[in-house]
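Me: I am new to this structure. Please pick one part, look at it closely, and then show me how the rest relates to that part.

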Amino acid sequence: MPEDNCSLCGTFCELSFEHIPPKSAFNKNTRYKIVAYEEVLKQENILEAKFKSKIEQGGIGYYSLCRQCNNFLGLNYVNAYTAYSNSFIEFVKKKQFDYFQLTMHEFEAAKVLKQIASMFISLNTWSFSESHYELRNFILNPNIQDLPSKYRFFNYLKGEGDIRNARVSVIGDLNSATTVMGSEIAFPPLGHVMTIDFKGSLSYHHEITNFKNFRVDEFVSTDLNVYRLPTHIPMFLDYRSKEQIEKDIKSSR
Ligand SMILES: [Zn+2]
C-alpha cells in the first residue's frame with residue numbers, strides 16, 4: 001500500500017483504499033478506467049475517445065486515508081449517506097422526467113454532508129486538504145456544526161453519461177466574467193459539487209450546505225428540488241448533451 005499523508009488527519013502512514021462513494025452505495029463492483037486529465041484534454045473528440053488504461057474493478061476510490069480515518073467514516077457517516085443516496089434511485093428510473101420536487105423524510109442531514117465532504121477530501125488528496133484544515137475538522141469532529149461559508153455543497157440527479165470525479169479546478173464564463181472553483185463527484189444516482197469561495201448561484205443544482213446546521217444525531221425532513229443532468233465528459237460543471245458536445249467539437253474545427 002502506498003505511503004503518504006492521510007488526506008483527513010494528515011498522519012504520514014500507509015494509506016488504505018477509500019471507496020468513493022462508499023461501497024454500500026452500489027460502488028462495490030464498479031468497473032472503470034483511470035485516465036489522466038491531460039489525456040482527456042488531448043482528445044479531439046472526447047465522445048469517441050478510446051483510452052488505453054487497464055480496466056479496474058472492485059469499486060472506484062483512492063488510497064487516501066489512514067486505516068483509522070477510513071474506519072471512522074464507516075462507523076459515523078457511511079450508513080446515513082447510503083440511505084440518503086439510495087432514496088434517489090427510484091427517481092433516476094423515472095426517465096421521462098428531468099426535474100423533481102421531493103421531500104426527504106427522517107434522514108441524518110449532518111452526517112450526509114460530512115460524508116460528502118470527506119469524499120471530496122479523498123478525491124483531492126493531501127495536496128488539497130493540507131491547506132483546508134477547517135473542512136477536515138468539520139469531518140473529523142461529528143459534533144462540529146461550524147464550517148466556513150467559503151465551502152458550499154450542491155447536489156443533482158445524475159443522468160446519462162459517465163461517472164465523473166473531477167478534482168478541484170476553475171471554470172470561467174467569459175460572457176459573465178464569473179469563475180467557479182470547485183470539485184465534482186458524479187456516481188449514480190447522484191452528483192455532488194463542492195465550491196470554494198464562490199458566491200454566485202448554480203442554475204441546475206440544489207444547495208445542501210445548510211445540512212451543516214443540523215446536529216449530528218438529528219433526523220430531519222427537507223424539500224429538495226433536483227434536476228437530472230447528463231455527465232458525458234469528465235469536466236467540472238459540464239452538462240452538455242451529447243448532441244451539443246458534437247456540435248461544439250465540429251464548430252471548433
Ligand atoms: Zn487519518
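Reply: First, a term. Helices and strands here are DSSP runs, numbered from the N terminus; a helix needs at least four residues and a strand at least two. Counted that way, the chain has seven helices and 13 strands. The model is a predicted one.

A quick overview comes before the close look. The chain has 253 residues, and a compact globule with that number would have a radius of gyration near 18 Å. The chain has 18 Å, so it agrees with that expectation. Its C-alpha trace spans about 55 × 45 × 40 Å along the principal axes. Of the 253 residues, 34% count as buried. Now take the contacts with a separation of 6 or more: 73% of them link residues 24 or more positions apart.

The part I pick is strand β8. It covers residues 151–161. Is it enclosed or open? Count its buried residues, where buried means that 20 or more other C-beta atoms lie within 10 Å. Ten of its eleven residues pass, so β8 is largely enclosed by the rest of the structure.

Which strands pair with β8? One is β11, residues 190–196. Seven bridges join the two, and they run antiparallel. Within that pairing, Asn155 has His192 as its bridge partner. Another partner is β12, residues 206–207. Two bridges hold this pair, again antiparallel. Here Phe154 stands opposite Glu207. Then comes β13, residues 220–231. Three bridges join it to β8, and these two strands run parallel. Lys158 of β8 stands opposite Leu229 of β13.

Stay with Lys158 for a moment. Its C-alpha atom is separated by 6.4 Å from that of Ala186, although the two residues are 28 apart along the chain. Ala186 sits in strand β10. It has 24 C-beta neighbours inside 10 Å, so it counts as buried. Leaving aside residues up to four places away in sequence, Ala186 touches Lys158, Ile163, Arg164, Gly191 and Thr231.

What follows β10? A loop runs from β10 (178–187) to β11, and Pro189 lies in it. The peptide bond between Pro188 and Pro189 is cis, with omega about 10°. There is also a cis bond between Ile20 and Pro21, with omega about -5°. Pro21 is placed in the loop between β3 (16–19) and β4 (32–33).

Next, the nonpolar core. In soluble globular proteins, nonpolar side chains tend to be buried together. The largest nonpolar core of this chain has 38 residues. Those with the most contacts inside it are Tyr81, Val112, Leu113, Ala117, Phe120, Leu135 and Ile185. Strand β8 is among the elements that give two or more residues to this core, along with α2 (67–76), α3 (78–86), α5, α6 (133–140), β10 and β11. Helix α5 supplies the largest share, ten residues. Leu135 shows some of the links: beyond residues up to four places away in sequence, it touches Ala117, Ile121, Leu147 and Tyr151. A second, separate core has seven residues, including Phe88, Tyr156, Val226 and Leu229.

Helix α5 deserves its own look. In all, 17 of its 21 residues are buried, so α5 too is largely enclosed by the rest of the structure. It runs over residues 109–129, yet its end C-alpha atoms are only 23 Å apart. A straight helix would reach 30 Å at 1.5 Å a residue. There is a kink of about 75° in α5, centred on Leu123. Thr125 lies in this helix as well. Its phi is near 60°, a positive value in a residue other than glycine. Thr125 has 17 other C-beta atoms within 10 Å, so it is partly exposed.

One more backbone detail. Glu106, in strand β7 (residues 99–107), has a positive phi too, near 45°. Is Glu106 buried or exposed? It has 8 C-beta neighbours inside 10 Å, so it counts as exposed.

Back to β8, then. Ten of its eleven residues are buried. It is joined by bridges to β11, β12 and β13, and it gives two or more residues to the largest nonpolar core.

Definitions and conventions:
Residues are numbered from 1 along each chain as its sequence is written. This is a predicted model: local features need pLDDT of at least 70, side-chain atom pairs count only at pLDDT 80 or more; totals for chains, interfaces and linings use all residues. A residue is buried if 20 or more other C-beta atoms lie within 10 Å of its own, exposed if 12 or fewer, and partly exposed in between; C-beta atoms are placed from the backbone. Two strands pair if DSSP finds at least two bridges between them. The radius of gyration is taken over C-alpha atoms; the globule rule is 2.2 Å times the number of residues to the power 0.38. Two residues are in contact if their C-beta atoms, placed from the backbone, lie within 7 Å. The expected span of a helix is 1.5 Å times one less than its number of residues. The bend at a residue is the angle between axes fitted to the seven residues ending there and the seven starting there. A nonpolar core is a set of buried Ala, Val, Leu, Ile, Met, Phe, Trp, Tyr and Cys residues joined through C-beta atoms within 7 Å.
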